[in-house]
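Visitor: I have a model open in front of me and would like to learn how to read it. Could you take me through it, feature by feature?

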Amino acid sequence: MIKKSQNYHSPSHKGLAGVPPAAAMVWLLPLIVIAGLFFPLLGYLVILMMAFLLVLSFSSGRLWCRQFCPRGAFLDIILSRFSLNRPIPTLFTRQWFRWTVLMMMFIFLSYRLVCCARSPLAIGAIFVMMCLVTTLIAIVLGIFTKHRCWCSICPMGTLQEKINKLNKNKNIDK
């Protein structure tokens, strides 16, 4: 579960050239949500990132969120300057709500893939639009509450936590 004091991007962790990894990846967000509108195949980057973060979550929980998430870096670097910094609504921290958001996103994505995915371009466009829509939601939430409010309901973060918890329980049972 997300703690109110949790720091997603550790400022003490530096990657190449002294830049935190997430700050180095922030360019991926505009590449996908802007350039992806003209080049839908960029949506496949979303699929690659989702696969990578899910594999990473087996051993590292929400490491992706803390160190590599391009949207999180955008929220930290840009949106934090405009946020009203109000508390995150308690509803957003409830497990049932987070799982509802995850299921709604999964159902919407599945529907779009079944109904509309007739070509590689269409599949890429679906993932570009999903990234664009969730980014717009993150911006609206981040302006009126804390800048990382989206992270408290992020479907991928919810999955990462669950995978990590299941993996830890599996290791304990051995």
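**Reading the model together**

Guide: Happily! Let's start with one residue, Asn 85, which is partly exposed, with a relative accessible area of 47%. It sits in the loop between helix 5 and helix 6. Its phi is near 60°, a positive value in a residue other than glycine. Please keep in mind that this is a predicted model.

Visitor: How far can I trust the model, then? What is the mean pLDDT of the chain?

Guide: Here is the general idea first. Where pLDDT is low, the predicted coordinates should not be read in detail. In this chain the mean pLDDT is 87, and 86% of the residues reach 70 or more. Among the elements, helix 7 has the highest mean pLDDT, 97, while helix 1 (residues 21-25) has the lowest, 78. Over residues 1-13 pLDDT stays under 50, and for that stretch the model has 32 contacts beyond four places in sequence.

Visitor: Now the overall fold. How many helices and how many strands does the chain have?

Guide: The chain comes to 9 helices and 0 strands. Read along the sequence, the pattern is α-α-α-α-α-α-α-α-α. To see how distant parts of the sequence come together, look at contacts between residues at least 6 apart: 78% of these join residues at least 24 apart.

Visitor: And what share of the residues is buried?

Guide: Of the 174 residues in the chain, 40% are buried. As for the surface, the chain exposes about 10100 Å², and carbon and sulfur atoms supply 74% of that area.

Visitor: Can burial be read helix by helix? How many residues of helix 5 are buried?

Guide: In helix 5, 6 of the 8 residues are buried, so this helix is largely enclosed by the rest of the structure. The buried ones are Pro 70, Arg 71, Gly 72, Ala 73, Phe 74 and Leu 75. They pack against helix 1, helix 2, helix 3, helix 4, helix 7 and helix 8.

Visitor: Let me try single residues. Is Gln 160 buried or exposed?

Guide: Gln 160, in helix 9, is buried because its relative accessible area is 1%, and buried means under 20%. Leaving out residues up to four places away in sequence, Gln 160 touches Leu 53, Ser 57, Gly 61, Arg 62, Leu 63, Trp 64 and Cys 65.

Visitor: What about Ser 60: which residues is it in contact with, beyond its neighbours within four places in sequence?

Guide: Those contacts are Arg 66 and Asn 164. Ser 60 is found in helix 3 and is partly exposed, with a relative accessible area of 24%. Try a distance too: Ser 60 and Glu 161 are 101 residues apart in sequence, and 9.3 Å apart in space, C-alpha to C-alpha.

Visitor: Last topic: pockets. What is the volume of the largest pocket?

Guide: The general idea is that rolling a probe the size of a water molecule over the atoms shows where empty space is left. Here the largest pocket has a volume of about 630 Å³. It is lined by 31 residues, and the closest to its centre are Val 46, Met 50, Arg 71, Cys 154 and Met 156. Elements that give two or more residues to this lining include helix 3 (43-60), helix 5 (70-77) and helix 9 (155-173).

Visitor: How does that lining divide into nonpolar, polar and charged residues?

Guide: The lining has 26 nonpolar, 2 polar and 3 charged residues. Arg 71 links two of our topics: it is one of the buried residues of helix 5, and also one of the residues closest to the centre of the largest pocket.

Notes:
Residues numbered from 1 in each chain as written. Predicted model: local features only at pLDDT ≥ 70, side-chain atom pairs only at ≥ 80, totals over all residues. Heavy atoms only, no water. 1 Å grid on protein atoms, 1.4 Å probe; cavity = no way out; pocket = protein on both sides within 12 Å on 5 of 7 lines; lining within 4 Å. Points joined across faces, edges and corners; volume = space filled by probe spheres on them. Helix = DSSP H or I, 4+ residues; strand = E, 2+ residues; numbered from the N terminus. Nonpolar A, V, L, I, M, F, W, Y, C, P; charged D, E, K, R; others polar. pLDDT = per-residue confidence, 0-100. Contact = heavy atoms within 4.5 Å. Buried < 20%, exposed > 50% of the residue type's maximum accessible area, 1.4 Å probe, protein only. Areas by Shrake-Rupley, 256 points an atom, 1.4 Å probe, with all protein chains shown as cover.
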